[in-house]
Structure formats: C-alpha cells, structure tokens
Amino acid sequence: MAQTSDRPLSSRTLWRQFYQAYRLVLRLVRLPVWTVLSVLPYTRPCRNWTFKQSLTLYICHDIVDTEARVGLTEELTFNPGKDGDRFHTIDPFNSEFYRGPLLPSSVHPTKIGGVWFPTTPAAIDKNGTYVLWIHGGAFVTGNGRSDTCRRPANYLLSNAGVDAVFSVQYRLSGYGDIVTAYLYLTRTLNISLNSLVIAGNSSGANLVIAFVRYAEQVMPQIGRPLCAVAVSPWVAPLETAIPDYTRTKDYSAEYVAESFHQWGSRTYQPPGGLNEPDVPYVTLLGHPFFTSVPILVTFGECEALSADITTWAEEAQGIRGNSVEIYCDLNGIHASLFVGEMMGWELSARHISSVIGDFIHSRLDSSGTTAVYPNVRQE
C-alpha cells in the first residue's frame, strides 16, 4: 500500500548530511533550554513526569522530527546479522489465503523474515504461550529485528508470562506479510490457536486490528488467535495527512512528532486513494466490527492520539458480543513498551506488560479445546 513519493531535498545524500548536522547543532543549542524546562515540575510537558522523562521527550521529539523531514525508509534484508539463528525466513503460502483487501495487485505475497525472542524454540510446547509481535513505525520505519523489538519482547517475556515472541519483519506496505507470519506459526509450526496472541504497537497495532477483521470476515478458515493486544494503536493513519486534523491534536507531551505521523500517512496512502472495501482495514476509527477475538487496547494518557484511541475502543465495545478491554496508562506516553527503557518509563512499561499478561492468562483460563492445523504447502 505504500507509495513511492518524491523525497524531500533533505533526503538527498549531501543535503541530508548537511541537514542532519544542522539539526544536531540546533539540538545542542536547545538542550540547555529543555534542561531548565525539565527541572521544575510545572514547566514540564506533564508536571507528574520526572526530570529524565521530560528531557528525553524533548530530545526524542526533535530526533523523530528530523527523521521525518529527511524521509528515508528502511531497506529490509534477509541477512541474519546479529540475530543469528533466531532469524528465520518464511515463504508465502498458497494464494487462496490472500483474498479481499489482500488480493494481490501492486503488492504480491513474498518471502518475509522474523526473529524469535529469547531464542528459537527447540520444540513447540503445547502448553506454551506465543506472541506474534508486529512492530510500529508509522509504516515507514522499523524492521522487526533486535535493535527495534528487543525491548517490547523482553517486557512481554519478563512481565507478561509468555514463553516466546516472534517479531515479524514485514514490508511496510500492507497486511499480506502478517498473514504469512501467522500461517507460519499456526500451520508450519503447529502452534495451537488457543496458545497464540497477536500483538503490536502503534502502526503495528493498526495491523493487529486489521488482521483480526480479516480473520473474522474474509478468511475465517485461517483460524482466530486466542486474543489480540493493541498498544497505542494508530486508528486513523490517513487522516493524519490532513492539516486540520492534526491541528486539533496536542503534541506538547508527545515524542512522536506531528511531521512523523504526516510522513507515514503520505507514504502509506495509495496514489489513487483506497478502494472503498479497503477503508475499514486502514481507518479503524468509525469502522467498528464484530469479532469473537478478545481485544485489549492500551495507550498513554498524554499521547497526542489518545482521544481517537478511546473513541475507537468504545465504538468496538458498543458492538454486541465483542470483548474489548481498555487500559489507559495514567500520565503515560505513546507505546512505552518500545521506549520505556530509553526514556525513563521502565515502571510504566513493566506495568503495561503485566496488564497484558493478566489479560492473556485470563483468556487462557477460559479457553476451550485447542485447535492445531496440519502442515500446508507453501508456494
């Protein structure tokens, strides 16, 4: 779904280096001001934050804004690198599994990769709990590797009581790669559906909800996971490119710069716009649906898009038969599972992962018989 657009002048090699150097100098000039603002509680973005949380937010916001204005997306590779034997490649499955909004057009199912945390399971434990993790990055950054997904995976392993996490390296262009990863876990490795959780943060959480809709409405034969977890889901990504939309949002306590959201929105939107049937798979807000998959939605009180997340979650709760739980992290920020270790939100990240663990294990306790699919042929 991503499109190739004209890159800004600042993304060209010479200008990029100049612009990044300029932003670094500007950052150093601003650092004393940010430090002073972070010393006193009443001048921090949120007065209940610590000095470290306030200062790192200013710094991270500037770094993210620089990245967005440079506008370079990541190149994915199948070189295992430092992930070694924890990295695996997966061939696409039969074309019959990619239908509806996944019907191949400009984006065809292809080989993808993924990384296991903490290690590749020697054997699948039928009593184990496994998480398919979908990273965020506004559909323009991120790669599912240890450098971006080690922290959320470790929080889930340490505090949510899961046995293993498989982080998918997907193309930043649609849902087909998520289906491929899901089938790899459930049909190649024979992980029980009642042992599998699909989870993600930010734009990855958008894909989590889209996948649940796909499994519910288009391809129920692939089976439904035990439950789904959406951490700070981006529920209206295409609307973010509209200036009037972002002007209504408060980015004062947000490390994800407005420019970053706009960059992701412009890149993700097809040149000709979305086909009408595809809209609910991208714009979650205003498009609730019935699902038998229990969903946990978590977000930080101070993140810019918290009101949209709350509205969407309440819309989903309003559908009869849905089981949707909402957890708001008081004074929290966007996707602290991802940045908690870096920005002073370790306690928040640990608590959220514990909430996720309680949710998962409450579903394990109430689940019925397991469902395991036989191996199927891959193309």
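This passage describes helices, salt bridges and backbone geometry in a predicted model.

Helix α11 covers residues 346-366. It has 21 residues, and its first and last C-alpha atoms lie 30 Å apart. That is close to the 30 Å expected at 1.5 Å a residue. The buried residues of α11 are Ser348, Ala349, Ile352, Ser353, Val355, Ile356, Gly357, Phe359, Ile360 and Arg363. An α-helix has 3.6 residues a turn, so residues three or four places apart point the same way. The buried residues of α11 pack against both helices and strands. The helices are α3 (146-159) and α10 (336-343). The strands are β5 (196-201), β6 (227-231), β7 (295-300) and β8 (324-329).

Helix α5 spans residues 203-217. Its 15 residues should reach 21 Å at 1.5 Å a residue. The end C-alpha atoms of α5 are 21 Å apart, in agreement with that value. Of the 15 residues of α5, 14 are buried, so the helix is largely enclosed by the rest of the structure.

Two of the helices that pack against α11, α3 and α10, also meet each other. Their axes come within 8 Å and cross at roughly 100°. This angle falls between 65 and 115 degrees, and α3 and α10 are therefore roughly perpendicular to each other. On the α3 side, the contact is made by Thr148, Arg150, Arg151, Pro152 and Tyr155. On the α10 side, Leu337, Phe338, Gly340, Glu341 and Met342 take part. The residues of this contact divide into five nonpolar, two polar and three charged.

The structure holds twelve salt bridges. One of them joins the side chains of Arg145 and Asp83, at 3.5 Å from N to O. This pair links distant parts of the chain, with the two positions 62 residues apart in numbering. Arg145 sits in the loop between β3 (130-134) and α3. Asp83 sits in the loop between α2 (51-70) and β1 (87-90). Both Arg145 and Asp83 are buried.

Lys249 and Asp308 form another salt bridge, at 3.1 Å from N to O. They too connect distant parts of the chain and are 59 residues apart. Lys249 belongs to the loop between α6 (243-246) and α7 (258-268). Asp308 belongs to helix α9 (residues 306-317). Both Lys249 and Asp308 are buried. Salt bridges that share partners also join residues into one network. Its members are Arg23, Arg27, Arg30, Asp62, Asp65 and Arg69.

Arg224 forms a salt bridge with Glu216, and the closest N and O atoms are 3.0 Å apart. The two partners fall in separate burial classes by the 20% cut-off. Arg224 is partly exposed because its relative accessible area is 29%. Glu216 counts as buried because its relative accessibility is 14%.

Backbone geometry was examined next. Most residues other than glycine have a negative phi, and most peptide bonds are trans. The peptide bond from Phe117 to Pro118 is cis, with omega near -5°. Pro118 lies in the loop between β2 (112-117) and β3.

Asn190 is not a glycine, yet its phi is positive, at about 60°. Asn190 is placed in the loop between α4 (176-188) and β5. Its relative accessible area is 30%, so Asn190 is partly exposed. Ser232 also has a positive phi, near 50°, in a residue other than glycine. Ser232 lies in the loop between β6 and α6. At 1% relative accessibility, Ser232 counts as buried.

Pro41 is found in the loop between α1 (13-39) and α2. Its relative accessibility is 35%, so Pro41 counts as partly exposed. Leaving aside neighbours within four places in sequence, Pro41 is in contact with Cys46 and Arg47. Pro41 and Ser54 are 13 residues apart in sequence. In space, their C-alpha atoms are 9.2 Å apart.

Notes
Residues numbered from 1 in each chain as written. Predicted model: local features only at pLDDT ≥ 70, side-chain atom pairs only at ≥ 80, totals over all residues. Heavy atoms only, no water. Helix = DSSP H or I, 4+ residues; strand = E, 2+ residues; numbered from the N terminus. Expected span 1.5 Å × (residues − 1). Buried < 20%, exposed > 50% of the residue type's maximum accessible area, 1.4 Å probe, protein only. Contact = heavy atoms within 4.5 Å. Salt bridge = Lys/Arg side-chain N within 4 Å of Asp/Glu carboxyl O. Axes fitted to C-alpha atoms, helices over the stretch in contact; angles between N-to-C directions. Parallel < 35°, antiparallel > 145°, perpendicular 65-115°, else oblique. Nonpolar A, V, L, I, M, F, W, Y, C, P; charged D, E, K, R; others polar.
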